[in-house]
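The following account leads the reader through a predicted model. Please keep the structure in view while reading.

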2 protein chains.
Amino acid sequence: MRAKSFFQSEHDFIAWISRRTRQRAAGLTLGIGDDAALVNVPSGHELILTTDMSIEGVHFTLNRHPPRAVGHRALARSLSDIAAMGGTPRYALISLAASRRAGRGWVEGFFDGLLALARRFEVTLIGGDTAVVNGPCTADVILAGVVPRGQALRRSGARPGDRIFVSGRLGMAVRGLRLLTSRTRRPTPGEKSALRAHLFPQPQCALGRFLSRHRLATAMMDISDGLSIDLRRLCDASGVGASLAANRLPIPSLPDSAEALELALNGGEDYQLLFTVPASKVSQVPPRFHQVPLTCIGTTVAQNAIQLVTADGKTRTLKPQGYDHFARA
Amino acid sequence: MRAKSFFQSEHDFIAWISRRTRQRAAGLTLGIGDDAALVNVPSGHELILTTDMSIEGVHFTLNRHPPRAVGHRALARSLSDIAAMGGTPRYALISLAASRRAGRGWVEGFFDGLLALARRFEVTLIGGDTAVVNGPCTADVILAGVVPRGQALRRSGARPGDRIFVSGRLGMAVRGLRLLTSRTRRPTPGEKSALRAHLFPQPQCALGRFLSRHRLATAMMDISDGLSIDLRRLCDASGVGASLAANRLPIPSLPDSAEALELALNGGEDYQLLFTVPASKVSQVPPRFHQVPLTCIGTTVAQNAIQLVTADGKTRTLKPQGYDHFARA
């Protein structure tokens with residue numbers, strides 16, 4: 001195998017990445033280049049910390065995923081966690097174990113995609129770690145955000161009788177993934193938007209802040225592994241169950257509606273928000289927030305189970321079938 | 001290859017790790033189990049953020065390194081970064097891509113070692129990410145610490161004429177690594193302490209805080225890649241050079257003193273502190289801090305180069321030869 005070109009040294013890499021990163025940001029005392037970064041948290045605020053890995057062969061491939069999309073998705077995962085708390089993302093650190101097979105062009109593309117999304121969300125890269133490895137590429141994105149003290153939304157606040165909402169359309173990202181690995185012809189407009197949902201997901205930070213600031217949601221999380229498994233997690237944390245209306249779910253437009261329902265229930269990586277709203281506040285939830293539809297898909301109930309009421313009026317228990325790394329081990 | 005036993009699901013893993021982690025800590029609002037963690041930074045303090053990867057085949061092996069040592073070393077790397085800023089470590093997040101070859105026993109041992117060290121430093125595990133992969137094990141440890149505002153020590157504060165100090169003995173960890181990969185007989189007491197230095201390095205957080213609180217150091221960093229390369233980084237950040245006295249270096253006790261000097265100059269992973277002290281404050285630096293020797297090894301100079309004055313009075317320019325991931329790619 002031909003050796004790919006790489007940065008000459010860690011010093012070269014840090015000089016390269018520093019040129020692409022703004023070094024001034026609100027609250028930042030010290031960014032890239034020392035043993036650690038130094039930041040200030042504004043008074044009256046709490047700090048939100050989250051970290052998410054993106055692994056070649058698990059979350060992306062070297063040959064099908066453009067490196068810009070890999071960088072975008074790696075940051076989007078963490079942005080979505082901050083969105084799910086109702087917070088504002090501020091600072092990122094990136095640990096990247098770059099495969100020898102990838103080369104400098106891939107590393108540059110990865111950071112181009114990541115930093116473009118960071119700029120849109122006013123996130124500053126303040127540190128990280130790098131290595132070159134024989135194994136697959138592994139990126140770990142650490143994100144620090146802030147939220148006014150007491151305003152963060154958790155998974156555990158839902159009460160029986162709350163209405164369950166989701167943002168956007170579910171199952172799009174997994175449909176995009178399937179198209180990416182199987183398509184042979186030019187994609188239709190619908191396929192293009194599914195590919196975009198997979199390659200360049202849009203975290204819902206503004207929506208998360210809106211729901212938190214107006215105290216509309218009792219519980220919130222992001223849908224990263226699939227509605228069926230993530231709703232199970234929210235219900236478990238809150239000690240409730242749920243009843244979902246299948247015909248209310250915002251499913252992908254597909255000829256086969258059973259397949260579309262299956263994608264919406266069990267497809268992961270949509271990075272939409274799942275949240276519960278007390279019945280008394282439902283009228284305050286707009287039908288759209290900045291173009292993104294907000295859909296009521298059901299109700300929380302006192303009983304532990306999650307039931308799906310299908311179009312023909314039948315009820316079945318929904319089994320969590322989204323992505324679980326350990327279950328697939 | 002036989003499939004190793006693993007956790008049944010992410011839910012099982014989170015339940016297991018949560019039982020091993022104290023859920024109450026100063027400033028902690030929300031720990032493991034939600035989309036992100038929530039913490040408070042005490043008023044008048046800045047937040048320190050750092051992240052360090054530990055990669056199978058780069059930083060450790062599955063067959064030679066006990067999993068407890070791998071976990072200990074993974075956290076020690078980040079603790080040492082907080083020490084180098086003069087801060088106090090508080091919260092950790094762990095991203096672990098566990099190899100299918102490792103199995104549950106390895107993951108448990110890794111966390112046992114990591115959490116034992118965390119307890120000693122009063123660090124609370126507040127989150128992370130996990131995956132099971134076909135490739136090598138990769139752990140990324142994220143550490144958040146605090147430091148009184150304005151007291152953090154950087155690499156950039158050294159001025160010509162400052163005295164250069166190191167803590168502990170240098171080259172021990174790399175000697176331990178060589179013994180680990182080559183030894184065939186029972187280790188001598190000296191070899192045992194080198195093995196200990198490699199497998200269970202002791203980060204110098206208390207020393208870092210002492211130097212920062214008493215404003216003794218003008219610049220500080222930890223020695224993670226080797227004295228020759230790390231001193232080069234400190235000098236570059238400060239815009240100075242250095243003159244080192246070879247016979248002052250705290251080298252390992254070995255029959256071959258040239259080999260011992262080479263280990264001390266270029267061996268990595270000692271996680272000792274390298275710091276500069278104005279000549280006027282040298283008398284305030286104790287010869288030992290909690291059993292750890294503090295040794296003056298030279299002086300910073302205005303000229304850019306780093307010179308090594310050898311025992312026979314000759315001077316040679318020291319080339320940075322420590323570990324650089326990109327240079328080895």
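In this predicted model, a convenient starting point is an open sheet of six strands, which follow one another in the order S1(A)-S2(A)-S3(B)-S6(B)-S4(B)-S5(B) with mixed pairing. At its edges stand strand S1 (28-30) of chain A and strand S5 (124-133) of chain B; each has a single partner strand, so one side of each is left without a neighbour in the sheet. From one strand to the next, the twist averages 20 degrees. Strands of a sheet pair through backbone hydrogen bonds, and the pairing may be parallel or antiparallel.

Where do the strands of the two chains meet in this sheet? Strand S2 (residues 37-39) of chain A and strand S3 (residues 45-55) of chain B are joined by three bridges and run antiparallel. One residue pair may be used to locate this junction: Leu38(A) has Ile48(B) as its bridge partner in S3(B).

A further open sheet, again of six strands and with mixed pairing, has the order S5(A)-S4(A)-S6(A)-S3(A)-S2(B)-S1(B). Its edge strands are strand S5 (124-133) of chain A and strand S1 (28-30) of chain B, each of which pairs on one side only. On average, and with direction ignored, neighbouring strands of this sheet are turned by 20 degrees against each other. Helix H2(A) packs on the sheet, where it touches S3, strand S4 (88-99) and strand S6 (138-148) of chain A. The direction of H2(A) makes about 145 degrees with that of S3(A).

The junction between the chains in this sheet can be followed residue by residue. S3(A) pairs with strand S2 (residues 37-39) of chain B in the antiparallel sense, over three bridges. Within this pairing, Ile48(A) stands opposite Leu38(B) in S2(B), and Leu49(A) has Ala37(B) as its bridge partner.

The contact between the chains as a whole takes 62 residues from chain A and 62 residues from chain B. On the side of chain A that touches chain B, strand S3 (residues 45-55) of chain A gives the most, with nine residues. By class, that side of chain A comprises 32 nonpolar, 16 polar and 14 charged residues.

What rotation superposes chain A on chain B? The superposition is achieved by a rotation of 180 degrees with 0.0 Å of shift along its axis, at an RMSD of 0.0 Å. Such a relation is that of a two-fold axis. The C-alpha of Gly135(A) is the one in chain A nearest the axis, at 2.9 Å from it. The same surface serves both copies, as 100% of the contact residues of chain A recur in chain B.

Attention now turns to the packing of helices within each chain. Two packed helices are described by the angle between their axes and the distance between the axes. In chain A, the axes of helix H2 (residues 67-85) and helix H6 (residues 205-213) come within 7 Å and cross at roughly 15 degrees. H2(A) and H6(A) are therefore roughly parallel to each other, and H2(A) passes H6(A) in a left-handed crossing. In this contact, Leu79(A), Ile82(A), Ala83(A) and Ala84(A) of H2(A) meet Cys205(A), Leu207(A) and Gly208(A) of H6(A). By class, the contact of H2(A) with H6(A) has six nonpolar residues, one polar residue and no charged residues.

In chain B, helix H2 (residues 67-85) and helix H6 (residues 205-213) pack at an angle of about 15 degrees, with their axes 7 Å apart. H2(B) and H6(B) are therefore roughly parallel to each other, and the crossing is left-handed. H2(B) contributes Leu79(B), Ile82(B), Ala83(B), Ala84(B) and Met85(B), while H6(B) contributes Cys205(B), Leu207(B) and Gly208(B). The contact of H2(B) with H6(B) has seven nonpolar, one polar and no charged residues.

Chain B also offers a helix pair with another orientation. The axes of helix H4 (residues 172-182) and helix H5 (residues 189-199) of chain B come within 7 Å and cross at roughly 105 degrees, which makes H4(B) roughly perpendicular to H5(B). Among the contact residues are Leu177(B) and Leu180(B) of H4(B), together with Ala194(B) and Leu195(B) of H5(B). By class, the residues of the contact of H4(B) with H5(B) divide into nine nonpolar, two polar and two charged.

Technical notes:
Residues are numbered from 1 along each chain as its sequence is written. Chains are lettered from A and ligands numbered from 1 in the order in which they are written. This is a predicted model: local features need pLDDT of at least 70, side-chain atom pairs count only at pLDDT 80 or more; totals for chains, interfaces and linings use all residues. Two residues are in contact if their C-beta atoms, placed from the backbone, lie within 7 Å. Helices (H or I, at least four residues) and strands (E, at least two) are DSSP runs, numbered from the N terminus. Ala, Val, Leu, Ile, Met, Phe, Trp, Tyr, Cys and Pro count as nonpolar, Asp, Glu, Lys and Arg as charged, and the others, Gly among them, as polar. Two strands pair if DSSP finds at least two bridges between them. Copies are superposed by least squares on the C-alpha atoms of residues with pLDDT of at least 70 in both. Axes are lines fitted to C-alpha atoms, for helices over the stretch in contact, and angles run from 0 to 180 degrees between N-to-C directions. Angles under 35 degrees count as roughly parallel, over 145 as roughly antiparallel, 65 to 115 as roughly perpendicular and the rest as oblique. A crossing is left-handed if the near helix is turned anticlockwise from the far one by less than a right angle, and right-handed if clockwise.
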